[in-house]
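Biologist: Could you take a close look at one part of this model for me, and then follow it outward into its surroundings? I would like one connected account.

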Amino acid sequence: MCWSATADLVVGTGIAAIGVACVAQVHRVRDLPLAALPLLLGAHQIIESLVWRSGGGTGPATVTWAVIALPLLPVWVPLGVLLAAPPRARRTLVIPVVVGLATAAVLAYRLATRHVSADIRGHTLGYVLDLPHSPLIITGYLLATVGSLLLAGDPVLRLLGLLAAAGAVACAVLWRLEFVSTWCALAAVASVVVLRWARRRPAGQEPG
């Protein structure tokens, strides 16, 4: 795995373009947040290219990247899945939404009261933020993001959840200190699966 400013910029631009295609495919307003996920993740990678070019540190690009990666994604993903899910699956999906909101609240508070910094570590970026009970927070984060995809009741979203889970395991084992950066990058690449999902969405309004 080799990341750099150029790699992040190229991958981010490609994923953002796929995100535009996803948004163009959907016909229901409730599908838009999930369809726009690759667009968000593509922009996220482009922002990280600016973190590379600034040499890391605590600048605006680092803070913007952290806001998307930490409090925003664990709310965006489960809410997007909940909105797009059929009525029979929505009650179960409330659980990852609640977990995501609680996790995001803790992360947002720490970002508001502590400095987040980025360190260039060879060919990866490591983000440093003082977090209490970090294993618990990471568990909540993954339950909200990966868990909601696995519980979505849609085979394509379940595939996306499995890819994200496998990426999380690989990053935890191989890039422990750069977990957030590498997992977000792999999640962005895996989100091309969302295009397949968007193309299969019905055009009419779903009852309930």
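I would like to start with a single residue: does D31 count as buried or exposed?

Modeller: Happy to walk you through this. D31 counts as buried, because its relative accessibility is 0% and the cut-off for buried is under 20%. Please keep in mind that this is a predicted model.

Let's begin with the charged partners of that residue. D31 forms a salt bridge with R28, with 3.0 Å between the closest N and O atoms. R28 has a relative accessibility of 1%, so it counts as buried too. The pair is part of something wider: R28, D31 and R201 are linked in a network of salt bridges. In total, the structure holds 6 salt bridges.

From D31 we can step to W197. Setting aside neighbours within four places in sequence, W197 is in contact with D31, L34, A35, A84, D154, V156 and L157. That list mixes aspartates with nonpolar residues, D31 and D154 being the aspartates. W197 also belongs to the largest nonpolar core, which has 58 residues; L73, W183 and W197 are those with the most contacts inside this core. The largest share of the core comes from α4, which contributes 11 residues.

The other aspartate that W197 touches, D154, brings us to another salt bridge. D154 pairs with R200, and their closest N and O atoms are 3.6 Å apart. D154 sits in the loop between α6 and α7, while R200 belongs to the segment after α9 (193-199), so this salt bridge ties together parts that are 46 residues apart in sequence. D154 counts as buried because its relative accessible area is 12%. R200, at 45%, counts as partly exposed.

Let's now return to α4, the helix that gives the core its largest share. With centres within 6.5 Å as the limit for a pair of rings, the count comes to 1 aromatic pair. The pair is W65 with Y127, and their rings are stacked, with 3.8 Å from centre to centre and 0° between the planes. W65 lies in α4 (residues 60-84) and Y127 lies in strand β2 (residues 124-128), so the two rings tie together parts that are 62 residues apart in sequence. W65 counts as buried because its relative accessibility is 1%. Y127 counts as buried as well, at 15%.

Another residue of helix α4 is L72. L72 has a relative accessible area of 30%, so it is partly exposed. Leaving aside its neighbours within four places in sequence, L72 is in contact with L40 and V67. Compare that with a residue such as W3: L72 and W3 are 69 residues apart in sequence, and their C-alpha atoms are 23 Å apart in space.

The strand that carries Y127 is followed by the loop between β2 and α6 (134-150), where H133 is found. H133 has a phi near 50°, a positive value in a residue other than glycine. H133 counts as exposed, because its relative accessibility is 62%.

A further salt bridge joins D130 and R110, whose side chains meet at 3.0 Å, N to O. D130 lies in the loop between β2 and α6 and R110 lies in helix α5 (residues 87-113), so the salt bridge ties together parts that are 20 residues apart in sequence. D130 is partly exposed because its relative accessible area is 45%. R110 is buried, with a value of 11%.

Two more spots are worth a stop. S49 is found in helix α3 (residues 37-53). With a relative accessible area of 2%, S49 is buried. Apart from its neighbours within four places in sequence, S49 is in contact with A5, D8 and L9.

The last stop is on the surface. V169, V173 and L174 make a nonpolar surface patch of about 320 Å². V173 is found in helix α7 (residues 155-174). V173 counts as exposed because its relative accessibility is 63%.

To come back to your starting point: D31 is buried, D31 shares a network of salt bridges with R28 and R201, and D31 is in contact with W197.

Definitions and conventions
Residues numbered from 1 in each chain as written. Predicted model: local features only at pLDDT ≥ 70, side-chain atom pairs only at ≥ 80, totals over all residues. Heavy atoms only, no water. Phe/Tyr/Trp six-rings, centres within 6.5 Å; stacked < 30°, edge-to-face > 60°. Helix = DSSP H or I, 4+ residues; strand = E, 2+ residues; numbered from the N terminus. Buried < 20%, exposed > 50% of the residue type's maximum accessible area, 1.4 Å probe, protein only. Core = buried A, V, L, I, M, F, W, Y, C linked by side-chain atoms within 4.5 Å. Contact = heavy atoms within 4.5 Å. Patch = residues over 30% accessible without salt bridge, like charges linked within 9 Å, V, L, I, M, F, W, Y side chains within 5 Å. Areas by Shrake-Rupley, 256 points an atom, 1.4 Å probe, with all protein chains shown as cover. Salt bridge = Lys/Arg side-chain N within 4 Å of Asp/Glu carboxyl O.
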